[in-house]
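Me: I am new to this protein and would like to get to know it step by step. Please show it to me first, and then we can start with a single residue.

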Amino acid sequence: FFSSNWVYEGLVTYGQGGQILPSLATSWTIEENNMGGDAFTFTLREDVRFHDGTPWDCAAAKMNFDHLFAGELGSTKHGWYGVGEYTDNWYCNGDMEFVINTSQKHGPYLQELALIRPARFISPAAFVDGGADPIKANSCQLAWGVIDGTEVSEDVVCAGITGIYGTGPFAFESKDTVIDGAGDTYD
């Protein structure tokens with residue numbers, strides 16, 4: 001988790017004293033929705049690119065949420081901390097505005113979005129088959145296999161990702177050189 005925070009960013013982040021600060025979102029509003037929860041409307045940061053050059057926009061945010069919360073992933077693998085449990089729906093309101101609706105009020109929702117899990121953003125280009133099908137080719141890690149859904153008619157198939165491309169201050173660079181504990185290098 002520690003090194004992932006260097007590569008991937010969320011909509012918000014923690015500042016000094018636990019203050020919630022902008023990250024991939026520059027601002028947000030919170031209003032009560034008609035489900036008894038909240039509507040979080042995030043204005044997204046402009047002129048941001050993932051490490052592979054793909055632009056950050058609402059379509060990228062939505063695709064990530066589509067994969068994170070496909071089928072039963074929201075309540076099984078990403079259900080802890082409440083984000084997966086209370087996130088009801090999400091959509092784009094233009095290219096740079098992302099809206100998330102919760103099914104009920106959940107006080108620490110923004111704080112949980114500031115954590116590394118469940119919601120950090122990866123380049124759409126890193127999704128298998130372009131990310132088009134979060135049920136049949138989900139970005140979830142291969143070791144999870146197939147996740148049986150109880151509220152969906154299909155199982156979520158974990159296909160993994162094709163690259164490690166975030167928007168954070170550090171980019172992953174693969175090296176073929178291995179350095180052992182004695183400091184010796186091997187190619």
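Me: Does D129 count as buried or exposed?
Reply: D129 has a relative accessibility of 66%. Buried means under 20% relative accessible area, exposed means over 50%, and partly exposed is in between (1.4 Å probe, protein chains only). With its 66%, D129 therefore counts as exposed.

Me: Before we go on, what kind of model is this?
Reply: Residues are numbered from 1 along each chain as its sequence is written, and side-chain values use heavy atoms, with hydrogens and water left out. Local features need pLDDT of at least 70, side-chain atom pairs count only at pLDDT 80 or more, and totals for chains, interfaces and linings use all residues: the model is predicted.

Me: Thanks! How many helices and strands are there in the protein?
Reply: Both kinds of element are DSSP runs numbered from the N terminus: helices are H or I runs of at least four residues, strands E runs of at least two. Along the sequence, they follow the pattern α-β-β-β-β-α-α-β-β-α-β-β-β-β. The count is four helices and 10 strands.

Me: Back to D129: what is its phi, given that it is not a glycine?
Reply: Most residues other than glycine have a negative phi. D129, in the loop between α4 and β7 (146-147), has a positive phi although it is not a glycine. Its value is about 55°.

Me: And what is the phi of D47?
Reply: D47 sits in the loop between β4 and α2 and is exposed, with a relative accessible area of 81%. Its phi is positive too, although D47 is not a glycine. The angle is about 60°.

Me: Now the inside. Which element gives the most to the largest nonpolar core?
Reply: A nonpolar core is a set of buried Ala, Val, Leu, Ile, Met, Phe, Trp, Tyr and Cys residues joined through side-chain atoms within 4.5 Å. The largest one has 28 residues, and L11, F42, W56, F65, F98, I100 and L113 are those with the most contacts inside it. At least two of its residues come from each of β4 (38-44), α2 (58-68), β6 (97-102) and α4 (109-113). With five residues, the element that gives the most is α2.

Me: Leaving aside its neighbours within four places in sequence, which residues is F65 in contact with?
Reply: Contact means heavy atoms within 4.5 Å. Once the neighbours within four places in sequence are set aside, the partners of F65 are T87, W90, F98, I100, L113, A119 and F121.

Me: Which residues form a disulfide?
Reply: A disulfide is a pair of cysteine sulfur atoms within 2.5 Å, and the structure holds one. Its sulfur atoms are 2.3 Å apart. One partner lies in helix α2 and the other in strand β5 (residues 87-92), so the pair ties together parts that are 34 residues apart in sequence. The two cysteines are C58 and C92.

Me: Is C58 buried or exposed?
Reply: C92 is partly exposed at 31% relative accessibility. C58 has a relative accessible area of 0%, so this cysteine is buried.

Me: Last one: how far apart in space are R49 and S123, C-alpha to C-alpha?
Reply: R49 is in the loop between β4 and α2. In sequence, R49 and S123 are 74 residues apart. In space, C-alpha to C-alpha, the distance is 8.7 Å.
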